[in-house]
Each structure stands twice: as structure tokens, then as C-alpha cells.
Amino acid sequence: MSAAPAAPLPGSAETSRLLLTPPRARAGWRVVAARVGAMCVVELQKLRHDRTELYTRAIQPALWLLIFGETFTRIRVIPTGGIPYLDYLAPGIIAQSAMFIAIFYGIHIIWERDAGVLTKLLVTPTPRAALITGKAFAAGVKAVVQAVVVVVLAALLGVGMTWSPLRLLGVLVAVVLGSAFFACLSMTIAGIVLTRDRLMGIGQAVTMPLFFASNALYPVDVMPVWVRAISTVNPLTYQVNALRGLLLGTPANLVVDFAVLVVAAAAGVVAASSLLGRLAR
């Protein structure tokens, strides 16, 4: 007697079809978006395993609000257009804390180079711009967490802020874009100096002038003319403008502010991507 034919395995016809006809490839923009998202998730996994950085980074903005903000609110030496100084300061501290988180991404990428991780990433099909963009927007998500801490603390101190969901969404976008720019700036510097020691010194030399040459602590009108000129081309100024306009309702040209942040972030991605190969050598 001949053996009965074996029953077809479930899904065998579908499997055969896929073997003969491969699935349709994703469009180019979908591949890039997927890889950017994957890089962003990888970066955030580090935060999930060690949250110490978030707690320690929250100390500095808390000190700025509790000591600097409360003190200058009492002495009233900085003109803020009728807004209490603590209210005026809170958006600037959100931008500052986001910048200080993002500026350490250059050190992170040098550490990955030294550990051999960067070389492995560069031999994958992922475009260099996607690697940089993923890291930049991971910095933005970390900065959003930091911004939430500052907003909660400011609310506890009595800062009068809007709670409109649409405006708060705009705040998140401004924080992410600003952080992405400063993360890319840090990785660009890393691609030039190549070592952590040099990066730490140059990073401080770049970030502190950018912070003090912005409107985070005081209005542009009270600055010397040459500092005002730096403030005009400083992305941090436009980020603070957007945050103040969204949180406090102060006059702001949000279209210009967000356009500057988008262009700055895009330029940062291009610059850091072009130097990534040099960093990996």
C-alpha cells in the first residue's frame, strides 16, 4: 500500500509564495524613519537601565529657580515687562537644562568610538544621518523629561503658566528641536577634536557663552550691542522666545522661532554626519 500524502503544513502556501516573491521593499523615507526610530530607542534604553542621570540633572535647574529666581524676583533689578522674574526665568531654565543634557552627546559618541560600538554601527546599512538624527532626538526625549521636572517645580513655586494641551505640545517640540541642535553641535565638535578631554573644555567654552548671550536670564534689550548681535544668531534665543510665548503668553513670533530651530537642527545633523567617519577612524 502506498503511503497517504502528507497533509500540507499550515501556512505552507503563504511561505512558498513569500520565498518565490519577496515582500515589497519599504520606500526610502520609511527605511530612514524606521532606522532613526531604532537608534532613538537604543539610546533611551540606556536611560531605562540607569535613571541616575535624570535625578542629578534635575538639581541644577532646581537651584536656578529656587535661589537665583527667588532672589532676583525680590530685588527687581532686571526689567521683564511686568512679568515676575521667576515666571520670566522658568522658560529660560527649561532651555538651559535641555542644552546641558544635549551637549554631553559628544562625549557619549567618543565613548562609543573607544568601545568599538561606533565602528559596528557604521558598517550597518543605516545612513550616517539616521544615526546622528536618532541620537539627537534621543537627547530631545531626555530633555523633555527634564522639562517636565522644571515645569512641575515652577508650578509649585507659583509660576503662572498656560496648561493648554496644544501649547504644551508646542513646548515639547521646541525642547526636542533645541536639544537636537545642541546634541549635533556637541557631536560635531567631537568629530573635530576627537578626544573627551578636549571636548569637555571646548564644550564649556561654547555652551556657556551661548547661554549667557541668549535671553534665558535677561531681555535682549539690556545687552551690550555686541552681545545682542550674538543673541540674534543664537538658536537658544529663539528656543527661549518660543517657550516664553507658549508657556507665558508673551509676544513671540512662533513661525520664525520654530523655523530657526528646524533649520539649526537640520544643519547640525548634516555637520555631525559629515564628521562621523573621521571620528570613527
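Here are some notes on this predicted model, point by point.

1. Overall make-up. We're looking at an all-helix layout: 14 helices and zero strands, so the pattern along the sequence is just α repeated, by the DSSP runs used here. Of the 281 residues, 45% count as buried. The accessible surface comes to about 14,700 Å², and carbon and sulfur atoms account for 69% of that.

2. Long-range contacts. Take the contacts between residues at least 6 apart in sequence: 78% of them join residues at least 24 apart.

3. The core. The largest nonpolar core has 70 residues. If you want to find your way into it, start from L65, I94, I109, I132, V175 and F182, which touch the most other members. Helix α9 (residues 165-193) gives the largest share of this core, with 15 residues. As background, nonpolar side chains tend to be buried together in soluble globular proteins.

4. L65 up close. Which residues does L65 contact once its neighbours within four places in sequence are left aside? The list is E70, L86, L89, A90, I93, V150, L153, A154 and L157.

5. Aromatics. The model has nine aromatic pairs. One of them is Y85 with Y88: the ring centres are 6.2 Å apart and the planes meet at 25 degrees, so this pair is stacked. Both tyrosines sit in helix α5 (residues 85-102), three residues apart, or about one turn of the helix, and both are buried. They also belong to one aromatic cluster, together with W64, F68, F72, F100, F211 and F212.

6. A charge over Y88. Have a look at R244 too. Its charged end sits over the ring of Y88, 3.5 Å from the ring centre. That puts Y88 in two ring arrangements: the stacked pair with Y85 and the one with R244.

7. L194, worth a glance. Most residues other than glycine have a negative phi. L194 is not a glycine, yet its phi is positive, at about 75 degrees. Where does L194 lie? It is in the loop between α9 and α10 (196-212). With a relative accessible area of 25%, L194 counts as partly exposed, because that class runs from 20% to 50%.

8. The C-terminal side. R281 is found in the segment after α14 (276-280). Its relative accessible area is 75%, so R281 is exposed, the cut-off being over 50%. R281 and R113 are 168 residues apart in sequence, but their C-alpha atoms are 8.8 Å apart in space.

Methods. Residues are numbered from 1 along each chain as its sequence is written. This is a predicted model: local features need pLDDT of at least 70, side-chain atom pairs count only at pLDDT 80 or more; totals for chains, interfaces and linings use all residues. Side-chain values use heavy atoms; hydrogens and water are left out. A nonpolar core is a set of buried Ala, Val, Leu, Ile, Met, Phe, Trp, Tyr and Cys residues joined through side-chain atoms within 4.5 Å. Buried means under 20% relative accessible area, exposed over 50%, partly exposed in between (1.4 Å probe, protein chains only). Helices (H or I, at least four residues) and strands (E, at least two) are DSSP runs, numbered from the N terminus. Contact means heavy atoms within 4.5 Å. Rings of Phe, Tyr and Trp (its six-membered ring) pair if their centres lie within 6.5 Å; planes under 30 degrees apart count as stacked, over 60 as edge-to-face and the rest as tilted. A charge sits over a ring if NZ of Lys or CZ of Arg is within 6 Å of the ring centre and within 35 degrees of the ring normal. Accessible areas come from the Shrake-Rupley method with a 1.4 Å probe; for residues, only the protein chains shown count as cover.
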